[in-house]
Amino acid sequence: MRQRMVGLMGPAFVAAVAYVDPGNFATNVESGARFGFLLLWVVLSANVVAMLLQYLSAKLGIATGRNLPELCRDQYPRPVVWGLWFQAEIVVIMTDLAEFIGGAVALNLLFGIPMLQGGVLIAVASFVVLAIRTARQRRFEAAITALLAVVVGAFLYHLLNADIPYGEMAGGLVPGFEGSASVLLAAGIIGATVMPHAVYLHSALTQERFTGDRESHRQVLIRAQRIDVVLAMGVAGLVNMAMLVSAASMLRGTGAEPTLHGAYEQFSEGSGALTATLFAVALLASGLASSSVGVYAGQVVMQGFLRRRIPLSLRRLIAVVPALAVLAFGVDPTHALVLSQVVLSFGIPFALVPLLLLTRRADVMGAWVNRRATTVAAGCATGVIVLLNLVLIALVVPSL
């Protein structure tokens, strides 16, 4: 039984890559460098919310045999479906932007490769990972999980070598802000953590992997996915917290710029070349893994909402263009990453509200409909995120 349960796990680890992508590096490093441990509670809360939402997405795919975009297409009027598809494509574009930029920054830090050429190399490498998925789903999951393990190992080393003021760190678990800049950064953290494209993707991963299982097996499948989500999202949450704690412990008060380049230089000066190199290697692994997952999510979005499918290789080429344009114009990469995550935060309600409405319906979910407490918890989380987005609009729009 235990062997069977282990064999059923894996989709959540693919989705979890979206929770430790280069956007997370940028927001967590900037948060730790500028505000210390202040926003640690945001990182923790966002990952707990993500755990619940990814489980609902996984359950949706198993219970219905369909993914979230497909169910939206079936249940909602065409104008609503087209609107959901349009914003989902913007989400995917912003996701790709963050991943390419992050990978290009990593190559620049490690080998001195110019940003534009680095972006091209990341695109080429992601084709290789996507080819693995085309060959076999389990191998794709294994490759993505291995890249995630690189990120975990790097930040475990960081924590072991950081001089952490545990009293201050505990204070960061108490909710609070320091001005509008910290609210903006908190929105970026949420946008980088609760990823809309991962919500769409997870339902497709479970749908695709478990289609054809008998009704009697679905309870076992859902139980396995619950464990899968807790483990995968737990790992992602700990990595995100480790990023912020490392930045707060090693960068705060040093005068280092709150950017990826500034973090790399300060890690090198303050903790040694190995610490800095592992940071860059983790960033590279994150960019490569999440770029491949992002393209797959884009295919799920188009096929689900519109019944249209284009080759993954063509989608990959299309996704490259905006990212390479940003790199070619010399936009500050960390600033671009943080802003991309803020844009992603606006897309969260458009994924979460349909997910919540569908999983609470017995005519859609059958015996696996949400319990009332689950619906209330997910509804409260969605409401808080929407409220934060409204606050963000009030802060950002007047300054444009």
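## Helix 13, Arg307 and the salt bridges

In helix 13 of this predicted model, the residues Leu260, Gly262, Ala263, Tyr264, Gln266 and Phe267 are buried. The helix comprises 12 residues, running over residues 260–271, and at 1.5 Å a residue it should span 16 Å, a value that agrees with the 16 Å separating its end C-alpha atoms. Just after helix 13 comes Gly272, whose phi is positive at about 110 degrees.

A positive phi also occurs at Arg307, where the angle is about 60 degrees although the residue is not a glycine. Arg307 lies in the loop between helix 14, which covers 273–306, and helix 15, which covers 312–328. With a relative accessible area of 57%, Arg307 is exposed, because the cut-off for that class is over 50%.

The charged side chains are the next topic. Side chains of opposite charge can pair when their charged atoms come close. Four salt bridges are found when the whole structure is searched, and the table lists three pairs, including two that involve Asp74.

| Salt bridge | N to O distance |
|---|---|
| Asp74 and Arg66 | 2.8 Å |
| Asp74 and Arg73 | 3.9 Å |
| Asp363 and Arg361 | 2.7 Å |

Asp363 and Arg361 have their closest N and O atoms 2.7 Å apart; of this pair, Asp363 counts as exposed at 59% relative accessibility, whereas Arg361 is partly exposed, its relative accessible area being 25%. Elsewhere, Arg66, Arg73 and Asp74 are joined into one network by salt bridges that share partners.

Within that network, Asp74 meets Arg66 at 2.8 Å, N to O, and it meets Arg73 at 3.9 Å, again from N to O; the latter pair still counts as a salt bridge because the cut-off is within 4 Å. The accessibility of the three residues can be set out in turn: Asp74 is partly exposed, with a relative accessible area of 38%, and Arg66 likewise counts as partly exposed at 26% relative accessibility. Arg73, by contrast, counts as buried at 15% relative accessibility, because buried residues are those under 20%.

Definitions and conventions
Residues numbered from 1 in each chain as written. Predicted model: local features only at pLDDT ≥ 70, side-chain atom pairs only at ≥ 80, totals over all residues. Heavy atoms only, no water. Helix = DSSP H or I, 4+ residues; strand = E, 2+ residues; numbered from the N terminus. Expected span 1.5 Å × (residues − 1). Buried < 20%, exposed > 50% of the residue type's maximum accessible area, 1.4 Å probe, protein only. Salt bridge = Lys/Arg side-chain N within 4 Å of Asp/Glu carboxyl O.
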